[in-house]
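This report is for a reader new to the structure. It starts at one helix and then moves on to the domains and the salt bridges.

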Amino acid sequence: MSRIIEKMYVDGQWVESQSGEVRELVNPATEEYLASVTEGTIEDTKSAIEAARRAFDEDDWAFSKARERAALLLKAADLLEQKIDEISLLETLNNGKPLRESSYDVSDAVDQLRYYAGIATKPHGQTFDVPDEMTSSVVREPIGVVGQIIPWNYPLVMAVQKIAPAIAAGCTLVIKPAEQTPLTLIRFFEILDQVGFPKGVVNLVLGSGKTVGAELARNELVDKIAFTGGTETGRAIMISAAQTIKKVGLELGGKSPNIVFADADFETAVDYALYAIYANQGQVCSAGSRLLLEETIYDKFVEELVARAEQIEVGDGTSPTTEMGPLISETQMNRVLHYIELGKSEGATLLCGGKRLDRNGYFIEPTIFTHTTPNMRIVQEEIFGPMLVIQTFKTEEEAIRLANGTKYGLAGAVFTSDVAKAHRVIRKLRAGITWINTYHPTYNEAPWGGYKQSGIGRELGTFGLEAYLEVKQINVNLQVEPTHWFKKRQPKTNETVS
Ligand code: NDP
């Protein structure tokens with residue numbers, strides 16, 4: 001039986017790659033064949049970029065009406081909402097995450113479309129009181145053609161988080177999902193096709209980062225590159241984008257601290273410590289991958305934490321009882337297993353987990369290391385898997401010093417019943433996303449992004465729209481007459497100047 005080859009969407013058409021190459025995908029929970037997708041090339045990427053450029057410059061999308069763009073986004077939201085169950089299941093089959101997480105993600109994507117439809121039509125100009133008989137104002141205009149590169153940990157919601165504001169702003173776009181997880185974005189593009197965007201406004205190119213992604217970062221017809229993924233890849237993209245002075249938005253890695261003081265509500269703090277690291281199998285940029293415990297509660301806390309980690313139900317995400325799924329790929333599983341071995345060889349103590357499950361699929365047990373020192377690689381580096389490292393502290397100052405002691409600055413949380421202490425500590429954290437007495441809740445209304453080597457810029461909320469807009473200053477002279485800054489023309493012989 002011949003297999004269906006999923007296509008790309010370029011200039012309003014469903015197309016196969018010019019190379020004819022095909023990539024086969026497997027379900028990470030079973031390692032069985034899942035789907036075949038066309039494998040885009042640099043040439044395919046160039047075609048998509050040219051279509052997006054033409055749609056922006058020549059077909060007047062740049063001057064489309066905000067209310068029309070909002071209507072398209074609302075229609076896309078309605079159609080996506082009708083397919084939440086189908087698309088959530090597909091996300092679980094492709095990415096491995098438990099169904100309860102997939103359906104949360106798809107609902108979140110629906111909400112993002114509605115949020116950006118809403119703010120597309122809200123005022124975003126400004127006027128200024130300036131001297132010299134002038135009025136001065138600012139209008140915001142779309143940046144132009146944007147390239148968007150998406151990781152595999154949140155395949156649909158992270159794509160929509162970039163598509164929705166770009167459309168709201170009036171940009172055209174070329175988006176590339178991660179090679180392992182294109183399926184839900186392909187279904188979403190079917191919806192965009194149905195909604196009726198003009199040709200070339202939204203383009204989907206499938207393929208690898210080294211070809212398609214690198215071309216998006218390099219191509220001079222692209223005005224902005226928006227990327228979510230690892231810090232090393234982000235650095236390469238930024239270097240490439242610098243050649244054409246592209247705007248860059250980078251949402252990168254993290255090694256975020258979750259600080260628990262002795263006066264915290266015990267049950268709540270244990271509960272969130274687990275959620276902070278094991279949600280999405282720990283493949284979350286903002287994961288609470290370092291647990292900072294006040295020494296006086298260490299024994300009691302760790303006993304409860306380990307007992308609860310050991311009872312997490314790991315399995316196929318399609319099963320309703322599954323609490324944690326497989327890692328995305330064999331490569332990622334091996335990367336995490338490598339860090340587990342590294343933790344042992346660095347002298348940390350393995351408290352629980354540490355092994356691959358003895359079955360098909362890329363499953364790793366919930367793992368916890370303790371007796372760490374701040375300079376260990378397992379404490380400093382992003383692992384991106386179900387592996388927690390514990391650090392301990394005696395004082396508030398020490399907690400802050402340890403919390404800030406990595407190159408990352410994405411997220412962080414504090415658990416305590418002392419409100420003043422919570423605020424003091426949060427204000428000292430060098431991180432863009434923080435929580436008090438909770439971990440992970442994220443809102444489309446609020447900005448998302450990191451300090452330090454965790455990124456540049458912010459997505460979501462009004463900040464996320466701003467990221468796709470240029471600012472133009474318009475000055476209007478209210479006294480239309482010459483200044484004579486340079487002297488008037490002198491009359492030539494036999495000529496009279498009025
Ligand atoms: P990458 O950061 O390399 O991948 C993210 C996206 O970037 C994918 O679409 C990828 O394409 C693309 N990409 C890869 N190389 C380039 C390039 N040179 N130019 C342009 N785009 C590129 O992550 P990996 O999958 O390699 O994972 C490695 C580590 O990165 C993880 O272990 C984790 O630590 C971190 N990571 C962090 C994420 C986050 O949300 N902060 C998300 C994913 C990973 P493709 O995969 O198709 O080749």
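Which residue just after α3 takes a positive phi? Gly96 does, with a phi of about 100°.

## Basis of the report

This is a predicted model, in which local features need pLDDT of at least 70 and side-chain atom pairs count only at pLDDT 80 or more, while totals for chains, interfaces and linings use all residues. Residues are numbered from 1 along each chain as its sequence is written, and side-chain values use heavy atoms, with hydrogens and water left out.

## Helix α3

Helices (H or I, at least four residues) and strands (E, at least two) are DSSP runs, numbered from the N terminus. Helix α3 covers residues 84-95, twelve residues in number. The expected span of a helix is 1.5 Å times one less than its number of residues, so α3 should span 16 Å, and its end C-alpha atoms are indeed 16 Å apart.

Buried means under 20% relative accessible area, exposed means over 50%, and partly exposed lies in between (1.4 Å probe, protein chains only). In α3 the buried residues are Ile84, Ile87, Ser88, Leu90, Glu91, Thr92, Asn94 and Asn95. These buried residues pack against strands β4 (22-27) and β5 (32-38), and against helices α2 (66-82), α4 (99-120) and α6 (183-195).

## Two domains and their interface

The protein is divided into domain 1 (5-252 + 454-475) and domain 2 (257-436), with bounds that come from an automatic or database domain assignment. The C-alpha centres of the two domains lie 31 Å apart. Counting contact as heavy atoms within 4.5 Å, 26 residues of domain 1 are in contact with 29 residues of domain 2.

Buried area is the accessible area (1.4 Å probe) that two parts lose on being put together, summed over both. For domain 1 and domain 2 it is about 2,200 Å², with 53% of it on carbon and sulfur atoms. On the side of domain 1, Glu31, Trp152 and Ser454 lose the most area to domain 2, together 25% of what that side buries.

## Pairs across the interface

Side chains of opposite charge can pair when their charged atoms come close. A salt bridge is a side-chain nitrogen of Lys or Arg within 4 Å of a carboxyl oxygen of Asp or Glu. By this rule, one salt bridge is found across the interface of domain 1 and domain 2. Glu31 forms a salt bridge with Arg356, and the closest N and O atoms of this pair are 3.1 Å apart.

A polar contact is a pair of N or O atoms within 3.5 Å; within protein, one must be able to donate a hydrogen and the other to accept it, and residues adjacent in sequence count only if both atoms are side-chain atoms. Nine residue pairs (both at pLDDT 80 or more) are in polar contact across the interface of domain 1 and domain 2. Helices α3, α4 and α8 (231-242) each supply at least two residues of the side of domain 1 that touches domain 2. The largest share of that side, five residues, comes from α3.

## Other salt bridges

How many salt bridges does a search of the whole structure find? It finds 27. One joins Asp59 to Arg54, with the closest N and O atoms 3.1 Å apart. Asp59 is partly exposed, at a relative accessible area of 42%, and Arg54 is partly exposed at 23%. The side chains of Arg140 and Glu466 also meet in a salt bridge (2.8 Å, N to O). This pair links distant parts of the chain, 326 residues apart: Arg140 is in strand β7 (residues 134-142) and Glu466 in helix α15 (residues 461-466). Glu466 counts as partly exposed, at 36% relative accessibility.

Glu381 and Arg377 form a further salt bridge, their closest N and O atoms being 2.7 Å apart. Glu381 is partly exposed, with a relative accessible area of 23%, and Arg377 counts as partly exposed at 37%. Elsewhere, Glu6, Arg187 and Glu190 are joined into one network by salt bridges that share partners.

## Two buried residues

Gln148 lies in strand β8 (residues 145-149). Is Gln148 buried or exposed? Gln148 is buried, with a relative accessible area of 0%. Leaving aside neighbours within four places in sequence, Gln148 is in contact with ten residues' worth of surroundings that include Lys162, Leu173, Leu216, Ala226 and Tyr468.

Ala422 is in helix α14 (residues 419-428) and is buried, with a relative accessible area of 2%. Not counting residues up to four places away in sequence, Ala422 touches Val414, Thr416 and Ile436. Ala422 and Arg377 are 45 residues apart in sequence and 28 Å apart in space, C-alpha to C-alpha.
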